[in-house]
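Colleague: I'm new to this one and would love a close look at a single part. Could you pick one helix and walk me through its surroundings and its charged side chains?

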Amino acid sequence: MNRAHLFTLFEQAHTLTGHRDFVVIGSLSILGSDDEGGVPAEMSMSIDIDCYTKADPGRINDVRATLGEGSDFHRAHGYYLDPVSPSLPSLPDGWEVRMTVIERDGLRVWFLDPDDAAISKYARSQANDLRWIRAGLLSGHVSLPRVRSRLGSTLFLDDEEAARVREQIERDSAWFESVRRPHGGGIA
């Protein structure tokens, strides 16, 4: 998946909704990176674009039938729009101001910061989320120190989710140190 794919989808969403500003959260928010060409495949392989219309988040649901999973668009392009709410993910305070925006052909697409996305992915802790984070750590797109610094301002669903996030960060920290240490087959 790449930015061109996103803009193809958002051109259709604009035609259907009249909105020009869209917010991408989840895995494909990494496509807002300055280094799009350096994004590891593990971080951009998703085929569902988790997003909402910036000015009227609920309006994105109006295009689910036309651009969502199982739609003609999905069958023709191999990817689809997955309408989400901005309140869905567990995110730290200030996430809105850390988003990057890319403008093209009158459309503005706002992308969640990779470290903020990592916190949300830690909260879910699904296998694909943890692979995304580790690929981001190895490529430098995700920073554990920044993720840790934002934990204190993150409103988690409950204490269990907060504990799961902290435990997974500690596991990834140990893993990351082990692959960074020069030894037999590790990364130097």
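**Helix H6 and its charged partners**

Modeller: Happy to! Let's start at the doorstep of the helix: Asp-113 and Arg-150 are both buried. Please keep in mind throughout that this is a predicted model. The two residues also form a salt bridge, in which the closest N and O atoms are 2.7 Å apart. Asp-113 sits in the loop between strand E5 (107-111) and H6, while Arg-150 belongs to helix H8, so their pairing ties together parts that are 37 residues apart in sequence. Asp-113 has another job in the model: it caps the N-terminal end of H6, with a side-chain oxygen 3.0 Å from the backbone nitrogen of Asp-115.

That brings us to the helix itself. H6 covers residues 114-124, and ten of its eleven residues are buried, so the rest of the structure largely encloses it. In order, the buried ones are Pro-114, Asp-115, Asp-116, Ala-117, Ala-118, Ile-119, Ser-120, Lys-121, Tyr-122 and Ala-123. What do they pack against? Their neighbours are helix H5 (95-98), helix H7 (127-139), helix H8 (144-151) and helix H9 (159-180).

Several charged residues stand out on that list of buried positions, including Asp-115 and Lys-121. Side chains of opposite charge can pair when their charged atoms come close. Asp-115 meets Arg-146 in a salt bridge, at 2.5 Å from N to O. Because Asp-115 is in helix H6 and Arg-146 in helix H8, this pair links parts 31 residues apart in sequence. Asp-115 is buried, with a relative accessible area of 2%, whereas Arg-146 is partly exposed at 40%.

Further along the helix, Lys-121 joins Asp-129 in a salt bridge of 2.8 Å, again N to O. Here Asp-129 counts as buried at 1% relative accessibility, and Lys-121 is buried too, with a relative accessible area of 5%. Elsewhere, salt bridges that share partners connect Arg-98, Asp-113, Asp-116 and Arg-150 into one network. For the wider picture, a search of the whole structure finds 13 salt bridges.

Finally, have a look just past the end of H6: there Ser-125 takes a positive phi of about 55 degrees.

Note on methods. Residues numbered from 1 in each chain as written. Predicted model: local features only at pLDDT ≥ 70, side-chain atom pairs only at ≥ 80, totals over all residues. Heavy atoms only, no water. Buried < 20%, exposed > 50% of the residue type's maximum accessible area, 1.4 Å probe, protein only. Helix = DSSP H or I, 4+ residues; strand = E, 2+ residues; numbered from the N terminus. Contact = heavy atoms within 4.5 Å. Polar contact = N/O pair within 3.5 Å; in protein donor to acceptor, adjacent residues only side chain to side chain. Salt bridge = Lys/Arg side-chain N within 4 Å of Asp/Glu carboxyl O.
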